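Q: I am new to this structure and would be grateful for a close look at a single part of it. Please describe that part in detail, and then turn to the wider setting.

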Amino acid sequence: MVLSERIKKLREQSLNAVNRISAERALLITEFYKSGVAAAEPVPVQRALSFKYILENKSICINEGELIVGERGPAPKATPTYPEICIHTLQDLQILNDRKKVSFKSDEETRAAYRDIIIPFWKGRSNRDRIFASLPQEWKDCYAAGIFTEFQEQRAPGHTALGIKMFHTGMLDLKQRIAESMAKLDLVKKPTAIDQLDELRAMDIVCDAIMHYAERHAEKLDELAAAENDPQRKAELTEMARICRKVPAHAPETIHEALQHYWFIHLGVVTELNPWDSFNPGRLDQALFPIYKKEMEEGTTTKEQVYEVLESFWVKFNNHPSPPKVGVTAEESNTYTDFCLINVGGVKEDGSDGVNEMSYIILDVIREMRLLQPSSMIQVSKKNPDLFIRKAVDIIKTGFGQPSVFNTDALVQEMLRAGKDVKDARNGGCSGCVETGAFGTEAYILTGYFNLPKILELTLHNGFDHRTNKQLGPQTGNPVDFKTYEEFFEAYRTQVQYFMGVKLTGNNIIERIFMRNMPVPFLSILIDDCIARGKDYMCGGARYNSTYIQGVGLGSITDMLTAVKYQVYDTKSISMQTLIDALDADFKGYEKLQYNLVYNTPKYGNDDDYADAQEVQVFDMYYDTINGHKSPRGADYRVNMLPTTCHVYFGSVTAATPDGRNAWKVLSEGISPVQGADTNGPTAVIRSAAKIDHIKTGGTLLNQKFTPSLLKTEEGCMNVVHLIRSYFRMDGHHIQFNVVNADTLRDAQKHPENYRDLIVRVAGYSDYFNDLGEDLQNEIINRTEHTEF
Amino acid sequence: MQGFIFDIKRYAVNDGPGIRTTVFFKGCSLRCRWCHNPESQSPKHETMTVKRKLGDNIFDDIQQVGYTIESGQLVEQIARDEVFFDESGGGVTFSGGEPIMQPEFLLECLRGCKQRNIQTCVDTAGAVDTPLMDKIIALTDIFLFDVKTMNSETFAEYVGTGFDMVMRNLAKVAENASRVIIRIPVIPGVNDDEDSIDQIISVLLQYPRVREVSLLPFHRTGFDKYRRLGRNWQMGDAHNLTQEDLQPLNNKFAAAGFQLFST
């Protein structure tokens with residue numbers, strides 16, 4: 001279905017809107033805390049009242065022609081900061097304003113507000129200040145050296161999606177449940193129940209706050225309707241006002257109501273804090289289909305109207321860039337994308353085929369809207385028809401990297417293995433990049449990337465980091481003395497275990513700080529069983545709790561270990577000392593040796609069992625190092641393998657490596673092979689990638705590059721369907737396709753102005769090519785070239 | 001037993017239906033001037049010099065072309081992609097070179113694949129005389145039979161010797177094989193004219209079970225390989241053909257009742 005004129009205009013306005021810093025939220029929360037009105041209240045209630053204060057006082061923005069209303073800031077892409085989490089200094093604002101990529105403009109008035117009001121109040125009181133005051137020195141040294149990153153130093157934990165149930169639940173229903181939960185509390189029988197009572201009071205306040213916020217929109221819509229001359233728009237505005245008086249207070253009954261209902265909830269979550277992955281409607285087709293079916297049967301809407309309101313909904317996501325990041329966090333994830341990943345397809349709660357008419361409608365919307373946000377994915381179960389995948393391939397082949405493709409049957413297995421109920425597992429999916437979760441019932445929190453290749457560099461130097469000139473790791477011995485590969489690998493394991501210990505220590509400190517200081521009553525009311533337990537999302541209130549540490553560079557580390565095993569121990573072509581000398585010299589004077597490491601050494605991604613043995617070995621070791629640990633809120637630590645853009649940052653701190661990679665160059669991403677190392681085609685890549693046990697993870701990311709020529713014919717497209725089915729038979733978790741040729745990308749580098757809308761798959765998400773750093777652009781070109789086989 | 005091959009290509013999506021693995025046998029009885037795999041022709045070991053860039057340095061890598069492999073080992077290699085074959089209706093394609101020049105080895109490989117329920121495809125130009133032909137036909141699900149010209153003089157000039165043998169094998173395959181797809185490389189100045197195509201059509205019409213054809217446009221991709229092998233390119237400046245160039249010829253086949261198998 002082609003876009004209507006209205007939607008074209010909304011889409012264009014969204015694309016052209018400039019990303020700006022808005023001081024509005026930061027000023028309101030500063031005013032609130034400065035006033036001291038809630039100083040006597042417990043922390044959750046303070047947080048709830050500050051949320052209420054912001055929603056009562058922030059400006060209401062209704063854009064011309066839109067059907068879904070509500071902006072996080074005063075205008076599209078006017079982006080708030082969250083000084084209670086992290087203070088943006090004047091220097092940060094300047095960097096954000098001036099940087100070429102992913103900039104956020106700020107005017108003099110905004111900067112003055114930060115200088116005179118926001119910064120002076122929050123200095124020393126932000127969560128980031130608390131975190132850095134508590135972290136031990138060795139953590140800081142490792143962080144500075146690029147051993148790992150930390151997700152929660154600038155943004156709050158979130159990483160979750162709304163359950164289908166909340167599409168059939170209103171705030172008044174929740175208030176009822178909160179009251180019931182409160183009524184059960186007995187401070188005599190349970191002396192600590194005051195904590196629950198405080199939390200439930202906070203939850204009740206945020207329900208009222210969001211309903212009042214919706215009412216403010218209704219009032220504004222009434223005003224606009226009164227002033228509107230076009231009778232059609234007038235009727236629309238009146239209808240929208242009616243909807244804002246119904247949702248989110250009551251459960252929605254039409255598609256328009258359901259989308260507006262979600263959107264208020266979304267705004268609530270991203271106004272309360274700046275959680276990673278913003279928020280996510282999750283299984284949108286499953287949630288909307290019963291409502292759609294009823295509406296179509298009763299004739300209360302038309303297909304055209306359904307498309308329009310969905311498309312207007314899509315624009316809202318694109319109006320909301322990820323809150324501005326700085327420093328290392330900007331390097332690991334420098335993008336406007338806020339990782340809302342809409343799930344389509346999969347199975348129903350009873351395990352039957354979930355693909356329905358709404359699934360296909362949403363695929364149409366994805367194709368027609370062609371927007372960076374929201375991101376989208378299809379869930380593919382063996383029960384879903386091929387036609388569903390085939391339709392998705394039609395979008396994939398247009399080359400904007402969406403939708404990505406996930407294996408429902410593997411996700412369900414992963415969740416069952418993690419102890420979830422089968423219904424909760426089937427109602428789940430993936431959010432963010434590739435992270436598995438039970439939607440509406442789980443707090444699954446990503447805490448940072450872990451630089452596996454860098455630790456091999458340190459192992460080769462007995463724990464010493466030459467870049468920061470520090471003995472970072474334990475002294476595991478001079479590798480020249482290791483007699484066998486196994487001895488070498490054990491030294492590497494010891495180093496990984498040590499650094500993981502440092503990371504886990506930091507994680508547990510940070511989680512505790514969030515538990516104490518940053519409850520999120522609004523997010524908590526949305527996720528079962530926070531209300532029933534009277535416990536915050538941050539504190540383990542969710543039914544299931546997981547904490548992830550994301551391994552980066554599986555392809556690189558595999559090839560590094562293989563190079564050592566093959567060249568030093570098995571063929572004895574290079575001595576350990578020569579290898580170390582060559583790496584220290586960044587291969588200057590060792591060009592032939594480097595050539596042999598690159599071209600004459602077995603590589604991961606070719607279905608070569610010799611190389612892939614190290615893949616499995618290092619993956620299992622990583623898994624064993626993390627699995628079984630518990631976090632302060634009672635979550636289980638788990639692994640996943642995804643990089644966002646961190647493989648670029650981690651590469652930039654890692655010296656030359658035994659796979660022949662020069663110092664400071666990018667590492668491999670996700671579980672994809674090293675860029676260009678896979679020379680046997682996609683079936684070999686898939687076979688290699690499937691050798692690790694994906695079911696033990698909470699998500700892996702495999703990027704497969706295709707040139708458009710492979711997708712020109714019907715057979716070519718069907719072969720992609722078959723590749724997906726095959727990988728999923730092997731329990732592969734996720735696969736995504738970048739369909740673009742290198743010449744196009746090179747031209748885009750030269751003439752960015754002609755490629756404003758060029759979206760490419762990066763890693764777990766798509767981004768505007770123009771917004772990527774040059775090194776990442778080059779890496780993608782490099783990846784692309786090697787697939788023109 | 002051992003055979004002599006020079007490459008195994010996975011995700012070969014142009015050598016028959018579905019996702020396939022193509023095994024390239026080394027050695028060919030013909031010498032098509034346009035051959036884009038010149039390294040396939042000689043049944044002996046050869047070396048190819050490949051220039052590879054790494055950083056600012058260019059390395060000459062001397063690669064061996066051709067290696068021996070046990071049939072069992074080859075079948076194991078092929079079977080690695082069984083899941084992909086199952087899902088896509090694909091399988092293995094034995095190509096070359098000329099796979100029928102190593103008939104015993106081919107037969108063993110075919111047998112091994114059939115035992116594993118892998119769909120088999122043999123890509124041949126038919127210019128080999130072997131008593132094992134019937135057995136090969138029996139174990140082959142799909143023949144890709146290369147037809148270059150139906151004119152014996154053109155054949156002698158551009159392709160080589162054995163025209164009559166090709167015609168005999170074509171008849172045998174056409175009458176006995178379970179499925180045959182005729183592959184016609186369309187070469188400028190050799191067979192890209194309507195007369196040449198009409199002649200091919202009239203011969204093929206004699207075989208009622210053969211109604212699938214696939215026309216392959218000439219491409220200069222082999223040019224660089226000749227240089228690397230230290231041989232001369234014999235096609236002068238003949239230009240690349242596109243699918244669009246082939247359209248009128250495809251139309252002729254369609255009009256004559258043939259189904260065009262797109263590759």
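A: The account below begins with one strand of chain B and then turns to chain A. The model is predicted.

The part chosen is strand S8 of chain B, which covers residues 142-146. This strand is mostly covered, since five of its five residues are buried. Its side chains point in two opposing directions: Ile142(B), Leu144(B) and Asp146(B) face one way, while Phe143(B) and Phe145(B) face the other way. Both sets are buried, and Asp146(B) belongs to the set that also holds Ile142(B) and Leu144(B).

S8(B) pairs with strand S7 of chain B, residues 119-124, through four bridges, and the two strands run parallel. Within this pairing, Thr124(B) has Phe145(B) of S8(B) as its bridge partner. The path of the chain from S7(B) to S8(B) leads through helix H4 of chain B, residues 133-138. This β-α-β crossover is right-handed.

S8(B) also pairs with strand S9 of chain B, residues 180-186. Here too the sense is parallel, and four bridges make the connection. In this pairing Leu144(B) stands opposite Ile181(B) of S9(B). Thus Phe145(B) is a bridge partner towards S7(B), and Leu144(B) faces a residue of S9(B).

For the wider setting, consider chain A, whose secondary structure comprises 31 helices and 16 strands. Its radius of gyration is 26 Å, close to the 28 Å that the globule rule gives for 789 residues, so chain A is as compact as a globular protein of that length. The C-alpha trace spans about 80 × 60 × 55 Å along its principal axes. Of the 789 residues in chain A, 61% are buried. Among contacts in chain A with a separation of 6 or more, 79% join residues 24 or more positions apart.

Chain A is divided into three domains, each assembled from separate segments: domain 1 (1-40 + 71-138), domain 2 (146-158 + 445-516 + 542-673) and domain 3 (162-169 + 269-325 + 337-439 + 702-789). The centres of domain 2 and domain 3 of chain A, taken over C-alpha atoms, are separated by 29 Å. Where these domains meet, 21 residues of domain 2 are in contact with 24 residues of domain 3. On the domain 2 side, strand S11 of chain A (residues 544-552) supplies the largest share, three residues. By class, that side has eleven nonpolar, eight polar and two charged residues.

Terms used
Residues are numbered from 1 along each chain as its sequence is written. Chains are lettered from A and ligands numbered from 1 in the order in which they are written. This is a predicted model: local features need pLDDT of at least 70, side-chain atom pairs count only at pLDDT 80 or more; totals for chains, interfaces and linings use all residues. A residue is buried if 20 or more other C-beta atoms lie within 10 Å of its own, exposed if 12 or fewer, and partly exposed in between; C-beta atoms are placed from the backbone. Two strands pair if DSSP finds at least two bridges between them. A crossover is right-handed if, with the strands pointing away from the viewer, the path from the first strand over the helix to the second runs clockwise. Domain bounds come from an automatic or database domain assignment. Two residues are in contact if their C-beta atoms, placed from the backbone, lie within 7 Å. Ala, Val, Leu, Ile, Met, Phe, Trp, Tyr, Cys and Pro count as nonpolar, Asp, Glu, Lys and Arg as charged, and the others, Gly among them, as polar. The radius of gyration is taken over C-alpha atoms; the globule rule is 2.2 Å times the number of residues to the power 0.38.
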